[in-house]
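Visitor: I would like a close look at a single part of this protein, namely its largest pocket. Could you take me through what surrounds it, and then through whatever else helps me to read the model?

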Amino acid sequence: MPELNTSSLPDLIFSVLFFFMMVTSMREVELKVQFTTPSGTEIEKLERKSLVSHIYIGPPTKEWRAQLGPAPRIQLNDAFAEPSAIREFVKSERESMAERDKPLMKMSLKIDTETQMGIVTDVKQELRKGRALNIVYSATKDKQAQR
């Protein structure tokens, strides 16, 4: 019985690996709150998204609403949190960054348009205590202002 030629096997495995690396997308965060971002006219696109950490504020999604009620909640990564947990969140996000990027860290607030300012103020106060002073508010481009 002749020997099996396996000289092209590493190339084939590398090609398949490369294919899966290209077509697979990494899951960001599973949203547990609903939010409709407000519209704005003076919007800038963020250049380095790796420097941005997101805080979501809004009412829980339908599957969580029966358990938590309709009041707006704060979501940090994949979990609900109280405002007091924000400082620890900022600290862990800062520690996961390279030393040269730490001063450039931005906190993005993705807030539902119907959310009261009280919870937003609490979040901003905790961000200030955690020394996260570069805050970005997420918004969509105002369609009427473009006309």
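Guide: Four elements, β2 (52–58), α3 (86–95), β5 (106–111) and β6 (135–137), each supply at least two residues of the lining of the largest pocket. Please keep in mind throughout that this model is predicted. Among the contributors, β2 gives the largest share of the lining, 4 residues. The lining consists of 23 residues in total, and those lying nearest the centre of the pocket are Leu46, His54, Ser108, Lys110 and Ser138. Sorted by class, the lining holds 9 nonpolar, 7 polar and 7 charged residues, and the pocket that they surround has a volume of about 590 Å³.

From the pocket we can turn to the backbone, beginning with the loop that leads to β6, one of the elements named above. Most residues other than glycine have a negative phi. Arg131, however, has a positive phi near 60° although it is not a glycine, and this residue is found in the loop between α4 (117–129) and β6. Because its relative accessible area is 59%, which is over the 50% cut-off, Arg131 counts as exposed. A second residue of this kind is Asn77, which is not a glycine and yet has a positive phi of about 55°. Asn77 sits in the loop between β3 (73–76) and β4, and with a relative accessibility of 37% it counts as partly exposed.

The strand that follows Asn77's loop, β4, brings us to the aromatic rings. A pair of aromatic rings is described by the distance of the centres and the angle of the planes. The structure holds 4 aromatic pairs. One of them is formed by Phe19 and Phe20, which are edge-to-face, with 5.4 Å from centre to centre and 70° between the planes. Phe19 is partly exposed at 47% relative accessibility, and Phe20 is partly exposed at 49%. Another pair is that of Trp64 and Phe80, whose ring centres are 5.4 Å apart and whose planes meet at 75°, so this pair is edge-to-face. It links distant parts of the chain, since Trp64 belongs to helix α2 (residues 62–68) and Phe80 to strand β4 (residues 79–81), with their positions 16 residues apart in numbering. Trp64 has a relative accessible area of 24% and is therefore partly exposed, while Phe80, at 25% relative accessibility, is partly exposed as well.

Terms used. Residues numbered from 1 in each chain as written. Predicted model: local features only at pLDDT ≥ 70, side-chain atom pairs only at ≥ 80, totals over all residues. Heavy atoms only, no water. Phe/Tyr/Trp six-rings, centres within 6.5 Å; stacked < 30°, edge-to-face > 60°. Buried < 20%, exposed > 50% of the residue type's maximum accessible area, 1.4 Å probe, protein only. 1 Å grid on protein atoms, 1.4 Å probe; cavity = no way out; pocket = protein on both sides within 12 Å on 5 of 7 lines; lining within 4 Å. Points joined across faces, edges and corners; volume = space filled by probe spheres on them. Nonpolar A, V, L, I, M, F, W, Y, C, P; charged D, E, K, R; others polar.
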